[in-house]
Amino acid sequence: MSKRIDVTDLDIFYGDFHAVKDVTMSIEPRSVTAFIGPSGCGKSTFLRTLNRMHEVIPGARVEGEVAIDGQNLYARNVDPVDVRRQVGMVFQRPNPFPTMSIKENVLAGVRLNSKRISGKAADELTEKALRGANLWNEVKDRLDKPGSGLSGGQQQRLCIARAIAIQPEVILMDEPCSALDPISTLAIEDLINELKVDYTVVIVTHNMQQAARVSDKTGFFNLEATGKPGELVEYDTTQNIFNNPSQQATEDYISGRFG
Amino acid sequence: MSTPTQTPASPPSGGDIHHSRLDDVSGIVPSQVHPAGRRPALVIAGASAVVALVLWLGLGLHVAAALLLSFVLYLGAIYVTYRRIGGARVAVDHLVRSLVYFAFVCAVVPLASVLWTVIGQGAGRAFDPDFLSQTMNGVTGLNDQQYAEGSAGFVGGAYHAIMGTLLITGLATLISVPIGMFTAIYLVEYGAGGRLGRGIRFLVDVMTGIPSIVAGLFAFALFTQIFGIRDAKMGLAGAVALSVLMIPTVVRNSEEMLRIVPNELREAALALGVPKWRTIAKVVLPTAASGLASGVTLAIARVIGETAPLLVAIGYARGLNWNPFDGPMNTLAVYAYFMFTKPLSPAVREPSLERAWAAALLLVLLVIALNLLARLIATLFAPKTGR
């Protein structure tokens, strides 16, 4: 199910503002890739271009190419809605739909697109997705209760279940643990390790220990000064980034000398 | 409560902020304010009430003037007393508190007075089954005179006006809710910040201020253009006039409700590969449903009592007219207005006034029912929380 992502010479703009400059990288299938870097350096912006979610913000546009298994996402005949069905996303703050029950939340991707699904298939999909998100045992007795009644960590895992229920190729996570306590964070990190068996996972994090714990490859984003575009400084295996970085800026950042 | 009363008397250490305590910082003076209970205020209030009574009954002042004068005395006494026992801040606190209560009473008194009068004058006739089931067809001043003399029973009711009110307001709702709701959706979801969006919002603001008689004249002129001046008066014309007044309210209410739907929910749906229109229809609107429904109900309550535009656009019918596409109709507000200004029998006004008050009471009850309905809808549709 997982696919590789190739980004070539990608520039991102918000209106006249050049947000991210000239990114080229390849993301391997069945791996976890982490993006680290100081606030405002464009890592979240870059992540959102991988499923065209940045287009939700008025004035946002990109130049360059993002290819998933060779298919350019920004080719003229590609519908952003189709892209998002292949590339799922989990956000910083857990955002289950407040009008829906836990089960309806998991099935939201199917139901909101009015695909027909039989009651039995719906039950199976719910269980599979919730098991995939390590949440089944905690909620199996209250699937009809509202999703907003869960704890923050459970809500975030519900959002992951919702994302994997549409069977995407890639899962993007934008600081998925920044609103959670350490125990819930651990649960999510374990989950990320399991998800990479089936999916390509890309995660943005402010927590360098987290990047070191969960990721196979790490990209370090930085910006020279406020108002300048952010850029990809270094992209390598997590081992190398944290133990033996080739750039001085990377070493300064991971050793806490700035940022 | 643990208050650090015994702090070690260490000398204020200059640079180390972690070891200095608040007590050590020089320049903080103990408060001059002393707590003061509410008993003095109650005593002064009682004294002021006595003063008001004396002014009213003893000196023959008008009751409102007596109350106002004693309130001013009360304010002065409160300030002086609390300044002495509590200090300046406590005095100002009590002074402002009294003014806030005063403002509240000023706002409630007219409302309570209206309700009191309408119920007192209208309750006798409004719940009479005959009044609720009869129209004014064939009822003349002669019937009223006979009723006043006691030789005949009370005839004539507001059945046609009740039905007319429901029909015309219902039609107006059918016209304005789709238009207003879609405008609000455009403003929030598509045209936010754009030039067209700003233009529409400005026009909606202007529409909010349209005098209701202008809306009535507009509808009448419009229907005269289409049907000719003879056949222009019909229920639909009234519904159009009411829609002109209702649409801006619906737009503003709905816009407000859609705007507070968190953006994260839209992003969550879009990220699941849901098209934008479906995101709006299945996520944004259900999340805002309770607010939208109660906003619409309040907009209905706002126009249900309109008189002037209906007078112009649909005229005045004595009998029941079920067809809003042909001929004059009647509504409760117009009915009350006519019964008050043009009594059936100029010599014996009482029966007509009785009808006017009863219609007014029914109208007030309708509005209260709508408000309660809005609250009910708001709680029924509200997003579920809890475990």
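1. In this predicted model, strand β6 (residues 87-90) of chain A and strand β7 (residues 170-174) of chain A run parallel and are joined by 4 bridges. One register point can be checked directly on the structure: A:M89 in β6(A) has A:L172 in β7(A) as its bridge partner.

2. The residues of β6(A) divide between two directions. A:V87 and A:M89 point one way, while A:G88 and A:V90 point the other way. All four are buried. Such alternation between the two faces of the sheet is what side chains do in a regular strand.

3. Where does β6(A) sit in the sheet? The sheet of chain A is open and has 10 strands, in the order β5-β4-β1-β2-β10-β9-β3-β8-β7-β6. Its pairing is mixed. β6(A) is an edge strand, and so is β5 (71-72) of chain A, since each pairs on one side only. The edge position of β6(A) should be read together with the burial of its residues A:V87, A:G88, A:M89 and A:V90.

4. Helix α7 (residues 152-164) of chain A packs on this sheet and touches both β6 and β7 of chain A. The direction of the helix makes about 170° with that of β6(A).

5. Further along the sheet order, strand β9 (residues 217-223) of chain A pairs with strand β10 (residues 230-237) of chain A. Here the sense is antiparallel, over 7 bridges, whereas β6(A) and β7(A) run parallel. Within the β9-β10 pairing of chain A, A:K217 has A:T237 as its bridge partner.

6. As for chain A overall, it holds 11 helices and 10 strands. Its radius of gyration is 18 Å, close to the 18 Å that the globule rule gives for 259 residues, so chain A is as compact as a globular protein of that length. Along the principal axes, its C-alpha atoms fill a box of roughly 55 × 45 × 30 Å. Of the 259 residues in chain A, 55% are buried. When contacts in chain A between residues at least 6 apart in sequence are considered, 67% of them join residues at least 24 apart.

7. Aromatic pairs number 11 over all chains. One of them is B:F131 with B:Y335, an edge-to-face pair at 6.5 Å centre to centre and 65° between the planes. B:F131 belongs to helix α4 (residues 129-133) of chain B and B:Y335 to helix α13 (residues 332-341) of chain B, so the pair ties together parts that are 204 residues apart in sequence. Are the two residues buried or exposed? B:F131 has 1% relative accessibility and counts as buried; B:Y335, at 0%, also counts as buried.

8. Another pair in chain B is B:Y147 with B:F154. The ring centres lie 5.0 Å apart and the planes stand at 85°, so this pair is edge-to-face. B:Y147 counts as partly exposed, with 27% relative accessibility, because the cut-off for buried is under 20%. B:F154 falls under that cut-off, with a relative accessible area of 12%, and is buried.

9. In chain A, ring pairs link A:F35, A:F46 and A:F221 into a cluster. A:F221 falls within β9(A), which spans residues 217-223.

10. Two charged residues lie over aromatic faces. In chain A, A:R61 is placed over the face of A:F13, at 4.4 Å from the ring centre. In chain B, B:K276 is placed over the face of B:Y190, at 4.6 Å from the ring centre.

How values were computed:
Residues numbered from 1 in each chain as written. Chains lettered and ligands numbered in written order. Predicted model: local features only at pLDDT ≥ 70, side-chain atom pairs only at ≥ 80, totals over all residues. Heavy atoms only, no water. Phe/Tyr/Trp six-rings, centres within 6.5 Å; stacked < 30°, edge-to-face > 60°. Buried < 20%, exposed > 50% of the residue type's maximum accessible area, 1.4 Å probe, protein only. Lys NZ or Arg CZ within 6 Å of the ring centre and 35° of its normal. Pairing = 2+ DSSP bridges. Contact = heavy atoms within 4.5 Å. Axes fitted to C-alpha atoms, helices over the stretch in contact; angles between N-to-C directions. Rg over C-alpha atoms; globule rule 2.2 N^0.38 Å.
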